[in-house]
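Here's a protein structure to explore together, one piece at a time. Take a moment to turn it around on your screen before reading on.

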Amino acid sequence: MRLTKFVLAVLCFAAAATAAAQEERTGGPYVPTPQSVVDEMLKLAGVREEDFVVDLGSGDGRIVLTAARRFQARGMGVDIDGELVDQSNAAAQREGLDHLVQFDQRDVLQTDIGEASVLTLYLLPNMMASLRSKILAELKPGSRVVSHDFEFGEWQPDRKVTIDAPDKYGPGGTWTSNVMLWVVPARVEGVWRIALSGNSDKLYTVTLKQKFQKLEGEARQGGRRVEIRDMHLEGNRIRFVLQPGAPRAAPREFRGVINGDQIGGEVTIAQATANWTAKRVVTSARKR
Ligand SMILES: C[S@@+](CC[C@H](N)C(=O)[O-])C[C@H]1O[C@@H](n2cnc3c(N)ncnc32)[C@H](O)[C@@H]1O
């Protein structure tokens, strides 16, 4: 009788523990990414030796372990499931990769992701939505984010590929996986004063509006409106063209690197190249 009570208590405890673990899996259940899709994710992110790869909800650790094995990249995985974390650390040790990677039991929303140059995800849409502003706030511009199957809503991917995944029935009802890449954009919104080196009369004021990596702008020179077009932002690199209104005026093709409230780069005008700098004079306080 006493033994039956004990067995019952153990079973109840085990059931409660399992339910609690499921409840904490707010990013979705454990479904491993097929190895062919892992390879495609790392390829799309362009993982190299100098990268630090973080997988949020790392399961058996396969994404971080593959990056370490194939590219000697350092990395970290976090998962709410302690057993999967132990399994991942054991695999790292077995393969002699534990000097490069580490796995911790932690909620993805409580994870410090600032060191990641590559962030990988295979989490349900609600969790992707919760993580979006954290990613934009904590990752450095130019960091690459790669997701398996699920997106960030309004923040459109920079690239998307669909590949056959014969061992996985995808959410679209096909035996395929979508792999998406986002490059974390620098914050460039605001008003910028642009100067061309050695040419004090070539001063422009450019007002930029930003929605993730998409830009809209307005430009002026000496109070007169100048056409601005072909704006492109990738990480902390910006390109745009200013087209002065004078007849037959050559377009000014700007390329630059954003560093906080400064931009520096080169501008090509009819095959001649000059340096330019810009200073942000008004910053937008908009949250993204
Ligand atoms: C679909 S699996 C992906 C596993 C691995 N990233 C891969 O692609 O093979 C999602 C993983 O996220 C974990 N997870 C779910 N919610 C989580 C949370 N809030 N914090 C940490 N891990 C979570 C689950 O335990 C599971 O291992």
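Let's start at the ligand, where one of its nitrogen atoms sits 3.1 Å from a polar backbone atom of Ile-80. How much of the ligand's accessible area does the protein cover? On its own the ligand has 600 Å² of accessible area, and the protein covers 99% of that. Keep in mind that what you're looking at is a predicted model.

Ile-80 has company. A nitrogen atom of the ligand also lies 2.8 Å from a backbone N or O atom of Gly-27. With Arg-25, it's the side chain that takes part: one of its N or O atoms is 2.7 Å from an oxygen atom of the ligand. Altogether there are 25 residues around the ligand, and the ones that come nearest are Arg-25, Thr-26, Thr-33, Gly-57 and Asp-79.

Now let's look at a sheet. Seven strands make up an open sheet, and if you walk across it you meet them in the order β3-β2-β1-β4-β5-β7-β6, with mixed pairing. Which strands are at the edges? Those are β3 (101-105) and β6 (159-164), and each of them pairs on one side only. From one strand to the next, the twist averages 15°. A bit of background helps here: strands in a sheet pair through backbone hydrogen bonds, and they can do so either parallel or antiparallel.

You can see the parallel kind where β1 (residues 52-56) meets β2 (residues 74-79), with five bridges joining the two. To find your place in that pair, look for Phe-52, which stands opposite Arg-74 in β2. Helix α3 (residues 62-71) packs on the sheet, where it touches β1, β2, β3 and β4 (118-121), and its direction makes about 170° with that of β3. Then there's helix α4 (residues 82-94), which lies across β2 and β3 and runs at about 165° to β3.

Next up, aromatic rings. Searching the whole structure turns up nine aromatic pairs. One of them is Phe-152 with Trp-182: the ring centres are 4.6 Å apart and the planes are at 70°, so this pair counts as edge-to-face. It links distant parts of the chain, since Phe-152 is in the loop between β5 (144-148) and β6, while Trp-182 is in strand β7 (residues 176-183), 30 residues apart.

Further along the chain, let's follow some antiparallel strands. Strand β13 (residues 252-259) runs antiparallel to β14, and eight bridges join them. Asn-259 stands opposite Gln-262 in β14. The two strands form a hairpin with two residues between them, and Gly-260 in the turn has a positive phi of about 65°.

The chain then makes another hairpin. β14 and β15 pair in the antiparallel sense over eight bridges, and two residues lie between them. Within this pair, Ile-269 has Ala-272 in β15 as its bridge partner, and Glu-266 stands opposite Asn-275. What sits in the turn with a positive phi? That's Ala-270, with a value of about 45°, even though it's not a glycine. Ala-270 belongs to the loop between β14 (262-269) and β15 (272-283).

β15 has another partner too: strand β8 (residues 190-196) pairs with it in the antiparallel sense over seven bridges. There, the bridge partner of Gly-190 is Thr-283 in β15.

Finally, a look at Asp-230. Where is it? Asp-230 is found in strand β11 (residues 224-234), and its phi is near 50°, a positive value in a residue other than glycine. While you're browsing the strands, remember that in a regular strand the side chains alternate between the two faces of the sheet.

Definitions and conventions: Residues numbered from 1 in each chain as written. Predicted model: local features only at pLDDT ≥ 70, side-chain atom pairs only at ≥ 80, totals over all residues. Heavy atoms only, no water. Pairing = 2+ DSSP bridges. Helix = DSSP H or I, 4+ residues; strand = E, 2+ residues; numbered from the N terminus. Axes fitted to C-alpha atoms, helices over the stretch in contact; angles between N-to-C directions. Contact = heavy atoms within 4.5 Å. Near = heavy atom within 4 Å. Polar contact = N/O pair within 3.5 Å; in protein donor to acceptor, adjacent residues only side chain to side chain. Areas by Shrake-Rupley, 256 points an atom, 1.4 Å probe, with all protein chains shown as cover. Phe/Tyr/Trp six-rings, centres within 6.5 Å; stacked < 30°, edge-to-face > 60°.
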